[in-house]
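Work through these exercises with the model open beside you. Try each task before reading its solution.

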Amino acid sequence: MSSTTDGLVGAHVEPDHPLEAAAEVGADCVQIFLSNPQGWQKPDPRDDAQELRDSTVPVYVHAPYLINVCSPRNNVRYGSRKILQQTCEAAAEVGAAAVVVHAGHAEDGVEEGFGRWVRSLEMLKSEVTVLIENTAGGDNAVGRRFDALAGLWEAVGAVDTSFELGFCFDTCHAHAAGEELSDAVERVLAIVGTIDLLHVNDSRDPAGTGADRHANLGKGEIGEEPLREMIRAAGTPAIVETPGDLDAMRADIDFVRAALA
């Protein structure tokens with residue numbers, strides 16, 4: 001990712017008027033969905049595409065949650081590749097900084113999932129950066145535990161893509177996966193080289209439960225200091241994906257900025 005995005009702090013917002021939402025909460029960047037996050041629909045063209053392309057506010061696009069390109073089920077895998085391709089095309093239309101997609105899971109074994117990710121990347125065409133994100137739970141998840149992530153990254157690192165491939169690190173997901181957080185960022189960096197985007201989320205649930213339920217920063221089971229340490233260690237553009245109203249969003253953005261100061 002470009003160094004021009006370093007140190008930016010933003011939030012996941014509703015997709016209707018993302019630039020207005022950014023101004024309301026004082027965000028440097030935003031993240032949105034371009035289609036139903038729980039569906040397979042192709043993203044619709046946006047009337048504000050030109051405005052988003054011309055804006056100085058970087059827009060990150062989160063791909064639908066249902067995408068699982070490493071599934072052994074053909075209908076799931078093929079459908080996932082199709083909507084990921086469509087999401088990347090729609091993201092290019094709005095001049096997105098990157099598309100974030102969950103790593104997924106392979107019911108028949110993580111190694112099988114690695115190979116399906118390789119094939120998916122070989123087929124994918126994108127004008128924007130694609131960021132694979134660590135996940136919170138799931139049996140045979142290819143990006144949940146860091147040992148599996150290392151195998152995934154070795155496999156995808158050998159793919160000659162026409163687009164930049166990077167990594168998005170989610171603090172809640174690492175907590176839910178049961179990873180030790182005190183050195184989590186350092187261990188991830190040793191695997192992926194660079195964290196391109198940080199999803200900063202506290203967790204409503206105890207460590208290791210696999211539950212992907214976010215909490216406001218310092219209000220959940222991770223706590224303030226571990227979050228601050230991860231924010232500082234990552235030193236990368238950060239997006240909060242936390243619940244609540246605009247005041248809660250502003251408070252979480254301020255939390256991240258204070259940690260970076």
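**Exercise 1. The largest pocket**

How many nonpolar, polar and charged residues are in the lining of the largest pocket? The model is predicted, so take the pocket as computed from its atoms.

Solution.
- Step 1: Start with the space. The volume of the largest pocket is about 490 Å³.
- Step 2: Find the centre. The pocket is lined by 26 residues, and His-12, Phe-33, Tyr-65, Glu-241 and Thr-242 are the closest to its centre.
- Step 3: Sort the lining by class. It holds nine nonpolar, 10 polar and seven charged residues.

**Exercise 2. The second largest pocket**

List residues that line the second largest pocket, then sort the lining by class.

Solution.
- Step 1: This pocket has about 250 Å³ of space.
- Step 2: Its lining includes Gln-38, Tyr-65, His-102, His-105, Thr-135 and Asp-212.
- Step 3: Three glycines also belong to this lining: Gly-104, Gly-137 and Gly-138.
- Step 4: The classes come to three nonpolar, eight polar and one charged. Glycine counts as polar here.

**Exercise 3. Strand β7 and its partners**

Which residues of β7 point one way, and which the other way? Then place the strand between its partners.

Solution.
- Step 1: Recall the rule. In a regular strand, side chains alternate between the two faces of the sheet.
- Step 2: Apply it to residues 197-200. Leu-197 and His-199 point one way, Leu-198 and Val-200 the other.
- Step 3: Check exposure. Each of these residues is buried, meaning under 20% relative accessible area.
- Step 4: Pair β7 with β6 (residues 165-170). The two are parallel and share three bridges. Leu-198 is the bridge partner of Phe-169.
- Step 5: Pair β7 with β10 (residues 238-240). These strands also run parallel, joined by three bridges. Ile-239 in β10 stands opposite His-199.

**Exercise 4. Helix α3 and its end**

What span does α3 reach from its first C-alpha to its last, and what is expected?

Solution.
- Step 1: Helix α3 covers residues 74-93, 20 residues in all.
- Step 2: It reaches 29 Å, close to the 28 Å expected at 1.5 Å a residue.
- Step 3: Look just past the helix. Gly-95 has a positive phi of about 65 degrees.

**Exercise 5. A positive phi outside glycine**

Where is Asn-140 found, and is it buried, partly exposed or exposed?

Solution.
- Step 1: Most residues other than glycine have a negative phi.
- Step 2: Asn-140 has a positive phi of about 55 degrees.
- Step 3: Asn-140 sits in the loop between β5 (129-133) and α5 (146-156).
- Step 4: Its relative accessible area is 33%, so Asn-140 is partly exposed.

Definitions and conventions: Residues are numbered from 1 along each chain as its sequence is written. This is a predicted model: local features need pLDDT of at least 70, side-chain atom pairs count only at pLDDT 80 or more; totals for chains, interfaces and linings use all residues. Side-chain values use heavy atoms; hydrogens and water are left out. Helices (H or I, at least four residues) and strands (E, at least two) are DSSP runs, numbered from the N terminus. Buried means under 20% relative accessible area, exposed over 50%, partly exposed in between (1.4 Å probe, protein chains only). On a 1 Å grid over the protein atoms alone, a cavity is a set of points where a 1.4 Å probe fits but cannot get out, and a pocket is an open set with protein on both sides within 12 Å along at least five of seven lines; lining residues have an atom within 4 Å of a point. Grid points are joined across faces, edges and corners, and a volume is the space filled by probe spheres set on the points. Two strands pair if DSSP finds at least two bridges between them. The expected span of a helix is 1.5 Å times one less than its number of residues.
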